[in-house]
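Colleague: Got a minute to go through this one with me? Put it up and I'll fire away.

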Amino acid sequence: MSAPPSATGELERTVDHAAAAARFVADDAKAHWHDQALWWVRKKRDAASAAVPDWEALRDAAAGLKAHTLSRLGDYLDEFARNAEARGAHVHFARDAAEHNAIVHGILQERGITRLVKSKSMLTEECHLNPYLEARGVTVTDTDLGERIVQLRHEPPSHIVLPAIHLKKEEIGELFHRELGTAEGASDPKVLTEAARQHLRQRFLEAEAGLTGVNFAIAETGGVVVCTNEGNADMGSTLPRVHIACMGVEKLVPRREDLAVFLRLLARSATGQPVTTYTTHFHGPRPDGELHIVVVDNGRSRQLADPVFRRSLSCIRCGACMNTCPVFRRSGGYSYGYIVPGPIGSILGPARDPAGHRTLPFASSLCGSCSDVCPVRIDLHHELWAWRKELVKRGLLPWRKRAAMKLAGAVLRFAWLYRLAGWVARRLVPALPRRLAYGRWNAWGRQRELPPMPRQTFRQLYRSHRDRS
Amino acid sequence: MLTVGLFIPCYIEQLYPEVGLATVRVLERHGVRVEYPEDQTCCGQPMSNTGCTEEARPLAEKFLRLFRGYEHVVAPSGSCVSMVRNHYDGFLAGQPGFDHLKRSTWELCEFLVDVLKLPRLEGAFPHKVGLHQSCHGLRELRLGSGSERRVAPFNKVQLLLSELRGLQLVELARQDECCGFGGTFAVQEEAVSCMMGRDRLADHERAGAEIVTGVDMSCLMHLDGLIRRERRPLQVLHVAQLLDRAEAAA
């Protein structure tokens, strides 16, 4: 099991995906269990998408709507803010994570609030809001069950939809025994869920403010939409008087009717459900309450200005690319060392910090399953490929790899040199003693035999074939 | 008589010459004249996929020089054909002959089905065969519909195999899961790569396959490396070799 990045501190500076993945793979049984758990979700997604006529047309519509919205994002943000304020919400804009955290803290501080319940929001993970608030005396309780589990373990989520997918029920049983006083050895999901429910209920009742993420914000109406399966966002936003909703600028859709496209795609792609159990629209505060909407850029407009990686801003965070990715399934979310793991995270991570996340675009066989599963048609594997080019351009490819590619390029330019090199290799390798041919230098040969080294090349076989016929 | 330029990937030329020869024989059996430009080396995919665009560029230019005169170019590899079709634009867009080359470079099975319009294959191959759908063939050339997309199912390789007498295609639990080769990924991410390969083989074994076939020898090279190290009761055979043997047996 690879060590998770600390939930309270910063992530590791430089992520070595291959090494972290090797640690995860070393526990063969657990890696297979993880693979199968996610594949089960992928199969549910397949079945759910098959039940929708014109699934592919729906993906086209979603991709088109996103491209359109991004092409005039400034206008839609203005429209949204205007309409939201007309409905009595307070709209705050934050340039980066620091501003976002300060705004949230400011709202709480002005009202003397020290107890906050939070429903799932990857944006607040991105901004490291929890440690920021806790350091300032606010008690923050994550109320999504998976999120609460990883919070109690002082870990970040390992998957954006299934935050505790890396844990088995026995591990959760132990945690709950320690933290919530359940019986020792109890690992029945029903028992554990009930314990969590009682514990969270207490927190909901005590909370003075509730913070939620935002799945979609509607420019036309100024409303925000939150999708959950546990109803925790609804509890957290209706019991306390103050509701803070945090969203990235890319969450906008132009019209209310556009939701028909995205809501049909989101839950099916995420978990194979036709729709999330709770899809709640917030248009203005509840009577006698307050609604604050914090709209965050944090690097997104820079991404929007980049013609190659712009499309990755369309992501609706369904996690389908993670469930289908053969590398994610076998290496676990923590091997990516970024808030959003998997194929989409391997595009977003390097955008945030190219040097620190330079191994992520290489953590892919470029099989392309992510691109085909993506409900908004982000060409994920082509963007990963484009990132590799970008990393070379910035001098961030390790020198050994760079040297190997320069050498290969030089040899392959000249047919005679390539033939000579091939001739030498095909005679040299079989002549080497096995422990030399399979020495430490040979990563291929650690678990695999080398290919056969035939005496003749195709060119030679072809010449004799042609001369015979 | 239709003449094609034969494009043989570098590692097939050096390590799997029989796959190239089988390709020649299959094409000739269906009335195609084959020419092999001897100066070819590599399409540049290893460099390109590593991000080393400048090392790949001269190879793309060489490819255009050698093959631009042909009506069709055929290769026994989905991955290298995808390189030409999907990644050469950055090097060759606008150059004379490139548009034609891009449109008329084919993977072998694709050529047999789409250009020769599925010739009646006369052949016998009485074995249980598992089809490994190489990812680039599947998702970049669209040789098959793929399990992620909701489109009318089709599979060009399977169409050819289904013509062969006695061949029994086994049903895999994860029909188009990646084998874990992925070019330099196989070395860079050795641990995940090998786990993926073993899982792929286990699926074929559970389905009762004797032989694993596919359109990319690179995937099969990776799988074969695991098979031989672990002495698994499986064998790999490139689809060109399988078609060649089946037709020779008829």
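Colleague: Is Phe414(A) buried, partly exposed or exposed?

Modeller: Phe414(A) is partly exposed, because its relative accessibility is 41% (buried is under 20%, exposed over 50%, partly exposed in between, with a 1.4 Å probe and protein chains only). Bear in mind that this is a predicted model: local features need pLDDT of at least 70, side-chain atom pairs count only at pLDDT 80 or more, and totals for chains, interfaces and linings use all residues. Side-chain values use heavy atoms, without hydrogens and water, residues are numbered from 1 along each chain as its sequence is written, and chains are lettered from A and ligands numbered from 1 in the order written.

Colleague: Where does Phe414(A) sit?

Modeller: In the chain A loop between helix 19 (399-413) and helix 20 (415-431); helices are DSSP runs of H or I with at least four residues, and strands are E runs of at least two, numbered from the N terminus.

Colleague: New topic: how many disulfides are there over all chains?

Modeller: The search of the whole structure finds 0, counting pairs of cysteine sulfur atoms within 2.5 Å.

Colleague: Why no bond for Cys315(A)?

Modeller: Its closest cysteine sulfur, in Cys321(A), is 6.5 Å away, so that's too far. Cys315(A) is buried, at 9% relative accessibility.

Colleague: And what's the distance for Cys80(B)?

Modeller: The sulfur of Cys43(B) is nearest, at 4.1 Å, and Cys80(B) is in no disulfide. Cys80(B) is buried too, at 7% relative accessibility.
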